[in-house]
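Visitor: Could you walk me through this model, one feature at a time?

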Amino acid sequence: MFALRIALMRWIDPASTTFQRTEIWRLASTRGEVRWSQEWTPYARLPASLKRAVIASEDAGFTDHGGVDWDAIEKAWERNERAQARVDKLNEERERRAASRKPSAASRPAPSVAPKVVGGSTITQQLAKNLFLSGERSLPRKGQEFVLSVMLETLLDKQRILELYLNHVEWGEGVFGAQAAAEHYFRTDAAQLAPMQSARLAVMLPAPKRFEKRPASPYVAGRAATIVARMGAVELP
C-alpha cells in the first residue's frame, strides 16, 4: 500500500501529510480554528539558495545516501551519550547538595535536568515521518521510518524527494512549505528568497514553532551566517 502511494507521488502532488492532518485536528480541537497556509511550488521555482541552505543545515549527505545516513546516526548517538553522562553527573551533584542541606517543610526537591537529544535523521527520513507516521517515538516506529525512507529513495529521485519535503515541511504553526514560509516571514515569493533569508528558514526547521516566536533572534542570525558560508559547497540533485 505504501509502495503504491509513493510510486504515485512521481506524478501526483499529495494534498496533505499525516503530520499536517494531525496538526489541523489539534488546532481545531484545542483552539476551535484551523490555521493552514500552504501553496505548492514546483521544484524549478524553488530557489537554489533554499535548497542548498536546507541541505547544508539538515542533511549534508543528502545527494549521496540511500535514505538513511548511518554515520550521522552514529555521531548523534555518541553526542547523546555524552550529553546523558554530563546530565547524570550534574543531577548527582544536585542531589548531594540537596542532601547536605537541613530538611525543611517548605523545601522541594530540585527537578532533574534532562539532556538535549539530537537526531541523525535525513531529509528523506523526515519526509517519510511527515507523510505517513505519527509523532510516536519508539523502536518499531523508527523501523517503519527506515523502511519507508528506503522505499522513497527507491521509487522517487532526489529532486522529487526534496520537492515534496520543501512543500510540506512545517515552518510555524499552520505554516507548511516554502511558499507559505516566505510569505509568513518575509512577505515575498519563495522564488525571490535571498540567501540569508533561505538560511534563516533552514535554521528554523528543527523547531519551527519555537523559532517562530523569535525568527530574528541572535541565535537564528548567527546560525544562518554559518549556513550561508557552507551553501557554496552543497551539491544539488
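**Questions around the fold**

Visitor: At 36% relative accessibility, how does Asp-13 count?

Guide: Buried means under 20% relative accessible area and exposed over 50%, with partly exposed in between, using a 1.4 Å probe and protein chains only. This is a predicted model, where local features need pLDDT of at least 70 and side-chain atom pairs count only at pLDDT 80 or more, while totals for chains, interfaces and linings use all residues. Residues are numbered from 1 along each chain as its sequence is written, and side-chain values use heavy atoms, without hydrogens and water. At 36%, Asp-13 counts as partly exposed.

Visitor: Which side chain meets Asp-13 in a salt bridge, and how far apart in sequence are the parts tied together?

Guide: A salt bridge here puts a side-chain nitrogen of Lys or Arg within 4 Å of a carboxyl oxygen of Asp or Glu, and Asp-13 meets Arg-160 at 2.7 Å, N to O. Helices (H or I, at least four residues) and strands (E, at least two) are DSSP runs, numbered from the N terminus. Arg-160 is buried, at 10% relative accessibility. Asp-13 lies in the loop between α1 and α2 and Arg-160 in helix α7, so the separation in sequence is 147 residues.

Visitor: Which residue pairs with Glu-173 in a salt bridge?

Guide: Glu-173 is buried at 11% relative accessible area, whereas its partner is partly exposed at 28%. The bridge spans 3.1 Å, N to O. Glu-173 lies in the loop between β1 and β2 (175-176) and the partner in helix α2, so this pair too ties together parts 147 residues apart in sequence. The partner is Arg-26.

Visitor: How many salt bridges does the structure hold?

Guide: One of them joins Glu-153 to Lys-158, with the closest N and O atoms 2.9 Å apart, and both residues are buried. Others are linked in a network that takes in Glu-23, Arg-26, Arg-31, Glu-170, Glu-173 and Lys-209. The total number of salt bridges is ten.

Visitor: How many residues of helix α3 are buried?

Guide: Helix α3 covers residues 48-58, and its buried residues include Leu-50, Val-54 and Ile-55. They pack against α5 (123-132), α7 (158-168), β1 (170-172), α8 (178-186), α9 (195-204) and α11 (218-231). Of the eleven residues in α3, the number buried is nine.

Visitor: How far does helix α6 reach from its first C-alpha to its last?

Guide: Helix α6 runs over residues 139-155, 17 in number, and among its buried residues are Leu-148, Met-151 and Leu-152. The cover over its buried residues includes α1 (2-8), α5 and α7, judged by contacts, meaning heavy atoms within 4.5 Å. The expected span is 1.5 Å times one less than the number of residues. The reach of α6 is close to that expectation, at 24 Å.

Visitor: Which residues form the nonpolar patch on the surface?

Guide: Patches take residues with over 30% relative accessible area and no salt bridge, joining like charges within 9 Å and nonpolar side chains (Val, Leu, Ile, Met, Phe, Trp, Tyr) within 5 Å. Trp-11 belongs to the patch; this residue sits in the loop between α1 and α2 (18-31) and is exposed at 64%. Together the members offer about 460 Å² of accessible area (Shrake-Rupley method, 1.4 Å probe, with only the protein chains shown counting as cover for residues). They are Leu-4, Leu-8, Trp-11 and Ile-12.

Visitor: What is the angle between the planes of Phe-211 and Tyr-219?

Guide: Rings of Phe, Tyr and Trp (its six-membered ring) pair when their centres lie within 6.5 Å; planes under 30 degrees apart are stacked, over 60 edge-to-face and the rest tilted. The structure holds four such pairs. Phe-211 and Tyr-219 are 5.8 Å centre to centre and count as stacked, with Phe-211 buried at 9% and Tyr-219 exposed at 51%. Their planes differ by 5 degrees.

Visitor: What is the phi of Arg-187?

Guide: Most residues other than glycine have a negative phi. Arg-187 has a positive one although it is not a glycine. Arg-187 is found in the loop between α8 and α9 and is exposed at 69%. Its phi is about 55 degrees.
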